[in-house]
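Let's take a friendly walk through a protein model. Keep the sequence and the 3D view open as you read.

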Amino acid sequence: MKIAVIGDLHYPALKKAYSFIEKDRQTFYENFLERFFSIPADLYVSIGDLTNFGTQDELADVYSIIEKHGKPFKHVLGNHDVYGMTRKEVLAITRQHRFHQVSTDSVVLAFLDTAQEQNYAHWGGTLDSPQQDWLSVVVKETENRPLIVFGHHPIHGTTKNSTKDKRCIHPDIPVWEILSRKTGVGLYVNGHNHFNSIAARENWTFLQLAAVLDEQAVRLIEVSESLLSIDYVSFTDLLLHKHAQVIGEAIDHFRLNPYPLGTAADVKYAIPLPKTDALTSVQK
C-alpha cells in the first residue's frame with residue numbers, strides 16, 4: 001500500500017489587502033496539487049490546515065481543485081480548518097469523517113481530529129474522550145499489523161518543537177499511554193509545527209511534515225510485507241517556489257518559516273516489519 005501525504009497547505013481566501021495574489025494562488029495550488037495527485041499511490045492524505053482559516057470559500061475552492069483529480073483523498077482537520085466555521089459546517093462541505101479507521105490485511109490507518117473548534121487563542125491540540133476510547137479499541141484490534149495514525153498535532157515530546165506551548169496535543173491528554181499499548185510497529189504522522197522531523201519512541205516512529213508554502217514536497221509512505229518505508233518527493237521548481245513565497249509573504253494567519261526545515265534524516269526512514277502469519281481483513 002502506498003500513501004502520499006502533504007503538510008499544511010494553507011489555501012487562503014482572497015482578502016482585499018492581498019487580492020494581488022490571485023494569479024499566484026491559482027497557479028501555485030493547481031500546479032502543486034496536480035503534481036501531488038500524479039504520484040502513484042493508493043491514498044492521498046492532507047495532514048490538516050488544508051485551508052488558511054476554514055472559510056466556506058476556501059474549502060469550496062480547494063476542494064474543487066482536489067475533486068477534479070478523482071483520487072481517494074483523506075483530510076484530517078487542523079486548527080486552521082475550523083477557525084471560520086464550526087466543525088459540523090466544515091464536514092458538511094468536505095464530506096469527510098471527523099475520525100475513522102481503514103483496515104486491510106497488511107495495515108490499519110487511523111485518522112484523528114485533534115483541532116479545537118473556533119478557538120483562536122489556543123491553537124494547540126486536543127483529543128476528546130470519545131476519540132480516546134475509539135483509539136484504544138483500534139490499537140487493541142490491530143494486534144501485530146502495522147498501525148499508521150494521522151493527526152494534525154504532534155504527540156508531546158516527539159517531533160521538533162512538540163514540547164512547546166500550543167505545539168502539540170496537550171500533555172495531560174493520555175495519547176501516548178494509549179499508543180504505547182500497541183504491539184508491533186506504529187507510525188504517527190502530523191503537521192502543525194512547519195518543520196520536517198522524524199523521532200522514535202519504543203516501537204513507534206513519529207513523522208512531521210513542513211508546510212507546503214515553505215517546501216513543495218510530499219511524503220510517500222509504503223507498506224510491504226517486510227518494510228514500512230518513508231520516502232521524500234520534492235518538486236524542485238523555482239517558479240513554483242516563487243509563487244509560494246509571494247502567497248506566504250502576503251497572507252495573514254501564516255508566516256513563512258525563516259529557519260532550515262530539517263535534514264535528510266528528517267524526511268526519509270525505513271522500519272523493518274516482523275514476519276507474521278496471514279491476517280484476516282477487518283473493515284470498519
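The report below starts with the whole chain and then moves to its sheets, one strand and a few single residues.

## The whole chain

Please keep in mind that this is a predicted model. The predictor's confidence, pLDDT, averages 95 over the protein chain, and 97% of the residues reach 70 or more. The stretch to treat with care is residues 278–284, where the pLDDT is below 50. In the model, that stretch still has 14 contacts beyond near neighbours in sequence. Where pLDDT is low, the predicted coordinates should not be read in detail.

How many helices and strands does the protein chain have? There are six helices and 12 strands. The C-alpha trace spans about 60 × 35 × 35 Å along its principal axes. For 284 residues, a compact globule would have a radius of gyration near 19 Å, and the chain's 18 Å agrees with that.

Of the 284 residues, 55% count as buried. The accessible surface comes to about 12,400 Å², and 51% of that surface belongs to carbon and sulfur atoms. Now think about how the chain folds back on itself: among contacts with a separation of 6 or more, 74% are between residues 24 or more positions apart.

## A sheet that includes β1

One open sheet has six strands in the order β3-β2-β1-β10-β11-β12, and its pairing is mixed. Which strands are at its edges? They are β3 (73–75) and β12 (269–272), and each pairs on one side only. Neighbouring strands here are turned by 20 degrees against each other on average, with direction ignored.

Look at the middle of that order to find β1 beside β10. β1 (2–6) and β10 (residues 217–223) pair in the antiparallel sense over four bridges. To see one matched pair, find Val 5, which stands opposite Arg 219 in β10.

## A sheet that includes β7

Another open sheet is formed by six strands in the order β4-β5-β6-β7-β9-β8, again with mixed pairing. β4 (100–103) and β8 stand at the edges with a single partner strand each, so one side of each has no neighbour in the sheet. From one strand to the next, the twist averages 15 degrees.

At one end of the order, β4 pairs with β5 (residues 108–111) in the antiparallel sense over four bridges. Gln 101 stands opposite Ala 110 in β5. Helix α4 (residues 129–142) packs on this sheet and touches β4, β5 and β6. The direction of α4 makes about 170 degrees with that of β5.

## Strand β7 and its neighbours

Is β7 enclosed or open to the outside? Five of the five residues of β7 (residues 186–190) are buried, so the strand is largely enclosed by the rest of the structure. In a regular strand the side chains alternate between the two faces of the sheet. You can follow this in β7: Gly 186, Tyr 188 and Asn 190 point one way, while Leu 187 and Val 189 point the other way.

β7 has a parallel partner in β6 (residues 147–150), with four bridges between them. β7 also runs parallel to β9 (residues 204–208), and five bridges join these two. Leu 187 is a good place to see both pairings. Leu 187 is the bridge partner of Ile 148, and Leu 187 also has Thr 205 in β9 as a bridge partner.

## Residues in the loops

His 10 is in the loop between β1 and α1 (22–38). Is His 10 buried or exposed? With a relative accessible area of 1%, His 10 is buried, because buried means under 20%. Leaving out residues up to four places away in sequence, His 10 touches several others, including Tyr 29, Asp 49, His 80, His 194 and His 253.

His 194, one of those contacts, is found in the loop between β7 and β8 (197–201). His 194 also counts as buried, at 13% relative accessibility. The phi angle of His 194 is near 60 degrees, a positive value in a residue other than glycine. Asn 161 has a positive phi too, near 70 degrees. Look for Asn 161 in the loop between β6 and α5 (175–179).

Notes: Residues are numbered from 1 along each chain as its sequence is written. This is a predicted model: local features need pLDDT of at least 70, side-chain atom pairs count only at pLDDT 80 or more; totals for chains, interfaces and linings use all residues. Side-chain values use heavy atoms; hydrogens and water are left out. Buried means under 20% relative accessible area, exposed over 50%, partly exposed in between (1.4 Å probe, protein chains only). Contact means heavy atoms within 4.5 Å. Two strands pair if DSSP finds at least two bridges between them. Axes are lines fitted to C-alpha atoms, for helices over the stretch in contact, and angles run from 0 to 180 degrees between N-to-C directions. pLDDT is the predictor's confidence in each residue, from 0 to 100. The radius of gyration is taken over C-alpha atoms; the globule rule is 2.2 Å times the number of residues to the power 0.38. Accessible areas come from the Shrake-Rupley method with a 1.4 Å probe; for residues, only the protein chains shown count as cover.
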